[in-house]
Amino acid sequence: MDAAALLLLAAAAAAAVVLGWLYAAGHAAGGAKKRARMPPGSTGLPLVGETLRLISAYKTPNPEPFIDERVARHGGVFTTHVFGERTVFSADPAFNRLLLAAEGRAVHSSYPSSIATLLGARSLLLTRGAAHKRLHSLTLTRLGRPASPPLLAHIDRLVLATMRQWEPAATVRLLDEAKKITFNLTVKQLVSIEPGPWTESLRCEYVKLIDGFFSIPFPFAHLLPFTTYGQALKARKKVAGALREVIKKRMEEKTENGGVDGEDEVKKEKMDMVEELLEAEGGSFSEEEMVDFCLSLLVAGYETTSVLMTLAVKFLTETPAALAELKEEHANIRGMKGKNQPLEWSDYKSMPFTQCVINETLRVGNIISGVFRRANTDIHYEDYTIPKGCKIFASFRAVHLNNEHYENARTFNPWRWQVNNKLQNAVGANIFTPFGGGPRLCPGYELARVVVSIFLHHLVTRFSWEPAEEDRLVFFPTTRTLKGYPINLRLLSESIC
C-alpha cells in the first residue's frame, strides 16, 4: 500500500542513520559501476553527507530551499548522500512515474530492519512480488469499496460520536481527535470491534509502536525497555497479542461452524478484514500472516488520514474564502437532507468543492513527501546510468510545489482543481501522485477521501472555531503540525446537523 506505507519512509530514513553511517565508509561499488555516469550532485561531508542539511531544512515550515538549490544547480535528477548512503534524488515527474510503474521489476521498495521488526515480515508494506499482489488485492476488496451503505453509516456515526464530546464548546488538539476517529474506524474494518476500553488500550500501545519507527534500532533493544525502540518492541508484542487473540477466536468459531457455508457464504458480504482473510484462498493464510497484515493496516489507517483531516481544517481556516464556499456547499447538502439524516454516497458525490479542498491539501501538505526505492538493475535515464543497488528517492513534494507544474505552487488554492481545469487531464494525473502509484498505489485512497469529506461536513455544519494558539507545519520525520493544531470550538446556535 504505497500511500499508506509512504508515511513510514521518513521513519525508515531516520532509523537507518546510525547503521548506515557504520557501513558507508567501507561500502564501495564494483569497478564497472564506478565508471557509470551518475546524475550530477554532491556527497557533502564525509560519512554524514548532506543528511544534517536535509533534516535541518525539513524541520522548518519551508524546506524547499534544500531541493530548489540542487535542482537549479544539477537538474531534476541529482545525486546526494543522505542517511548513510549515496542516493539519487528525483524531482522529475516523468522519472518518478517510471519508478512507480517499475516496482517489482527495475526497482523495489527498501526499508531498514527496525520497520520490518515492528510491522512484521508478512505485512503489506514489506512483502514483494506475488505475495504483495495477493495482499494488495485483499486490501482493495475490503477498503476500496467506500460506497458500501453500512461503511458510510459507520463513518457518519463515528464522526458524530466524537464531535458530540465537543459540545457545546471545547478546546481540542484536532490531530489527536482525528486520530481517534481514524483508529476506531480501522479497527472496526479489521476486526469488527466498536470503540471502547479495548480499542483505546490498543491505541495507546500503537502510539508507542509508531514512535519506534523514528528511533535507532539498538542491538538487544528488547533488553533495554527504557529506550524508545525497546518500548516500541514491547508495544508491538502487546498489539500483536491482542490481534492474535481476536483472530484465534474467529478461527475457532469458523472451525466450529464447519468452515465455509457453501454458495451462500460466497454471496454474503464479509463482515471485516479478518473474515476476508479466513475465507481467502481456501483459508490458506496463517495466524501470523493475518496478525502482521492487520497490524500494518492499523498503522496506515491511523496516521495518514488523520493528518489529512487536520491540515484541511488548518488550510481552510487560513483561507476564509475557501472556508465560506465549503460551508455553503455543505449547508445546501444538509438542507436537502434534513436534520440528523446520515450522509449517503449520493451526498458524497455532491461535494465537488470539497474534493478540490482535499486535492489541494494533499498537494500543498504532501503528507507523503515521496518514496524510497532501490535499483534491481542498472537504470538508464536520459544521459545517466543509476547502478544496481543504488538507493533512489522519488520526491512527490518537489513536483507538487514546482511552479512549472502549478501556478503559484506554494499557495493553497483549491479553485485550481475545478472542472475543466488542465490539472484534471492526463498530464495533471502524471504529476499529481499523493497516493503513490503503480503496483503500490494506496488501495484505501478513496476511503480516505470519504472519511475527510464526512468529517468536514459535520464540522462546518455544527461548529465554528478559531486556532487556540499559533501552530506550524514541520516535515521531519513526518508531515504534521508541531502542536497538533489546538482549536477552540463552539456549537453553532442553530446547528443544522
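At 27% relative accessibility, glutamate 288 counts as partly exposed, and that makes a handy way into this predicted model. Glutamate 288 sits in helix α15, which covers residues 287–317. Leaving out residues up to four places away in sequence, glutamate 288 touches Arg122 and Arg244. Its C-alpha atom also lies 8.9 Å from that of glycine 120, although the two residues are 168 apart in sequence.

Arginine 397 offers a contrasting case. This residue belongs to helix α19 (residues 396–400) and counts as buried, because its relative accessibility is 3% and the cut-off for buried is under 20%. Setting aside residues up to four places away in sequence, the contacts of arginine 397 are Tyr58, Pro63, Glu64, Val364, Gly365, Asn366, Ser369 and Phe475.

**Nonpolar cores**

In soluble globular proteins, nonpolar side chains tend to be buried together. Here the largest nonpolar core has 95 residues, and the members that touch the most others are Ile155, Trp166, Ile392, Phe455 and Leu459. Helix α21 (residues 445–462) is the top contributor to this core, giving nine residues. Take isoleucine 155: beyond residues up to four places away in sequence, it touches Leu185, Leu447, Val450, Val451 and Ile454. Another core, of 42 residues, lies apart from the largest one and includes Leu125, Ile210, Val274 and Val291.

How many of the 18 residues of α21 are buried? The count is 16, so helix α21 is largely enclosed by the rest of the structure. Its length also fits expectation: at 1.5 Å a residue, the 18 residues should span 26 Å, and the end C-alpha atoms are indeed 26 Å apart.

**A strand with two faces**

Strand β4 (residues 169–173) has Ala170 and Val172 on its covered face, while Ala169, Thr171 and Arg173 make up the uncovered one. Strand β4 runs antiparallel to strand β12 (residues 486–491), and five bridges join the two. One partner can be named for the covered face: alanine 170 is bridged to leucine 489 in β12.

**Aromatic pairs**

Across the whole structure, a search finds 13 aromatic pairs. A pair of aromatic rings is described by the distance of the centres and the angle of the planes. Two of the pairs are set out here.

| Pair | Distance of centres | Angle of planes | Arrangement |
|---|---|---|---|
| Phenylalanine 183 and tyrosine 302 | 5.5 Å | 85° | edge-to-face |
| Phenylalanine 372 and phenylalanine 393 | 4.8 Å | 50° | tilted |

Phenylalanine 183 lies in helix α10 (residues 174–191) and tyrosine 302 in helix α15, so their pair ties together parts that are 119 residues apart in sequence. Both phenylalanine 183 and tyrosine 302 are buried.

The pair of phenylalanine 372 and phenylalanine 393 links strand β5 (residues 370–375) with strand β8 (residues 391–395), so it joins parts 21 residues apart in sequence. Phenylalanine 372 is buried, with a relative accessible area of 10%, and phenylalanine 393 is buried with a value of 10%. These two rings belong to one aromatic cluster with Phe78 and Phe89.

**Cysteines**

A last look goes to the cysteines. Cysteine 294 is buried, at 0% relative accessibility, and cysteine 390 is buried too, with a relative accessible area of 5%. How many disulfides are there? With a disulfide taken as a pair of cysteine sulfur atoms within 2.5 Å, the count comes to zero.

Key: Residues numbered from 1 in each chain as written. Predicted model: local features only at pLDDT ≥ 70, side-chain atom pairs only at ≥ 80, totals over all residues. Heavy atoms only, no water. Buried < 20%, exposed > 50% of the residue type's maximum accessible area, 1.4 Å probe, protein only. Core = buried A, V, L, I, M, F, W, Y, C linked by side-chain atoms within 4.5 Å. Helix = DSSP H or I, 4+ residues; strand = E, 2+ residues; numbered from the N terminus. Contact = heavy atoms within 4.5 Å. Expected span 1.5 Å × (residues − 1). Pairing = 2+ DSSP bridges. Phe/Tyr/Trp six-rings, centres within 6.5 Å; stacked < 30°, edge-to-face > 60°.
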